[in-house]
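Please walk me through this structure in the viewer. Tell me what to select at each stop and what is there.

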Amino acid sequence: MPRYRMTIEYDGTPFVGWQRQDNSPSVQGALEDAIEKLSAERVTVTGAGRTDAGVHALGQAAHFDLEKSFEPGKIRDALNHYLRPAPVVVLEAALADSEFHARFSARGRHYLYRILNRRSPPALDAGKVWHVSPALDAQAMHKGAQALVGHHDFTTFRAAECQAQSPVKTLDRLEVSRRGEEIHIEASARSFLHHQIRSFTGTLKLVGEGKWTPADVAKALAAKDRAACGPVAPPDGLYLVKVDY
């Protein structure tokens with residue numbers, strides 16, 4: 001039974017998230033419906049990460065198995081045809097080893113959070129950025145972010161509904177930089193807790209506004225208390241950029 005691996009791009013705005021849900025549109029469901037139209041087989045598509053409602057992807061990874069064999073290029077092109085008009089695109093498709101698993105084989109995940117930092121709201125990027133009007137100090141935000149890099153108990157930045165067995169994770173990279181009118185927050189780790197990056201972002205915004213100091217971020221981490229976290233940022237500006245294997 002062939003196993004296929006895909007790289008997928010999508011706009012998360014109209015979806016309840018990656019995971020299939022009854023009577024609600026999901027990215028996983030859209031892909032599974034398209035595969036069924038191509039192959040007449042009902043399969044389960046497994047993603048590298050279960051992105052939340054409204055979260056986008058530039059390079060989500062996924063795999064699925066089929067009884068029938070198709071040339072990978074045909075898989076890509078046919079799925080893109082059947083996915084229309086949903087804002088989901090298969091960028092690449094390839095045959096994978098039977099032991100490949102999109103979630104458990106992943107060695108690293110890279111995310112980007114985009115903040116539009118200007119007085120005027122977005123016109124073209126509505127739903128794709130978090131609009132923050134007050135001027136933010138990206139350098140102070142970056143300094144505060146460095147307290148979070150490394151191996152820590154991230155209970156403060158973990159959603160109450162998180163299903164991870166442990167709040168302890170290793171954050172490899174968390175960088176904040178200004179790109180014109182935007183502030184980019186880039187995070188890399190093998191895996192993340194539920195709402196971890198959005199919790200980081202909401203907390204670092206307080207630093208950027210001058211309401212917190214960079215040292216306050218370290219204090220929030222050390223508290224190991226969800227109540228010590230800043231407001232959780234909205235999903236609009238979050239993107240799964242790439243998955244490493």
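The tour below goes through a predicted model, starting at a pocket and moving on to charged side chains.

Start with the largest pocket, which holds about 1200 Å³ of space. Select Gly49, Arg50, Arg103, Phe192 and His194, the residues nearest its centre among the 36 that line it. Then colour strand 2 (46-47), strand 5 (108-116) and helix 4 (196-208), each of which supplies at least two lining residues. Helix 4 gives the most, with 3 residues. By type, the lining divides into 14 nonpolar, 14 polar and 8 charged residues.

Stay with helix 4 and select Arg198 together with Asp52: they form a salt bridge, with the closest N and O atoms 3.6 Å apart. Asp52 sits in the loop between strand 2 and strand 3 (56-65) and Arg198 in helix 4, so the pair ties together parts 146 residues apart in sequence. Arg198 is buried at 12% relative accessible area, while Asp52 is partly exposed at 22%.

Next, select Arg20 and Glu32, whose side chains meet in a salt bridge (2.7 Å, N to O). Arg20 is in the loop between strand 1 (3-10) and helix 1 (27-39) and Glu32 is in helix 1, so this pair joins parts 12 residues apart in sequence. Add Asp33, Glu36 and Arg42 to see the salt-bridge network that links them with Arg20 and Glu32.

Finish at Arg158, in the loop between strand 7 (150-153) and strand 8 (168-179). Arg158 is buried but has no salt bridge; Asp153, the nearest side chain of opposite charge, is 6.7 Å away. Show the backbone oxygen of Ala164, which lies 2.3 Å from a polar atom of the Arg158 side chain.

Key:
Residues are numbered from 1 along each chain as its sequence is written. This is a predicted model: local features need pLDDT of at least 70, side-chain atom pairs count only at pLDDT 80 or more; totals for chains, interfaces and linings use all residues. Side-chain values use heavy atoms; hydrogens and water are left out. On a 1 Å grid over the protein atoms alone, a cavity is a set of points where a 1.4 Å probe fits but cannot get out, and a pocket is an open set with protein on both sides within 12 Å along at least five of seven lines; lining residues have an atom within 4 Å of a point. Grid points are joined across faces, edges and corners, and a volume is the space filled by probe spheres set on the points. Helices (H or I, at least four residues) and strands (E, at least two) are DSSP runs, numbered from the N terminus. Ala, Val, Leu, Ile, Met, Phe, Trp, Tyr, Cys and Pro count as nonpolar, Asp, Glu, Lys and Arg as charged, and the others, Gly among them, as polar. Buried means under 20% relative accessible area, exposed over 50%, partly exposed in between (1.4 Å probe, protein chains only). Lys and Arg count as positive and Asp and Glu as negative; His and the chain ends are not counted. A salt bridge is a side-chain nitrogen of Lys or Arg within 4 Å of a carboxyl oxygen of Asp or Glu. A polar contact is a pair of N or O atoms within 3.5 Å; within protein, one must be able to donate a hydrogen and the other to accept it, and residues adjacent in sequence count only if both atoms are side-chain atoms.
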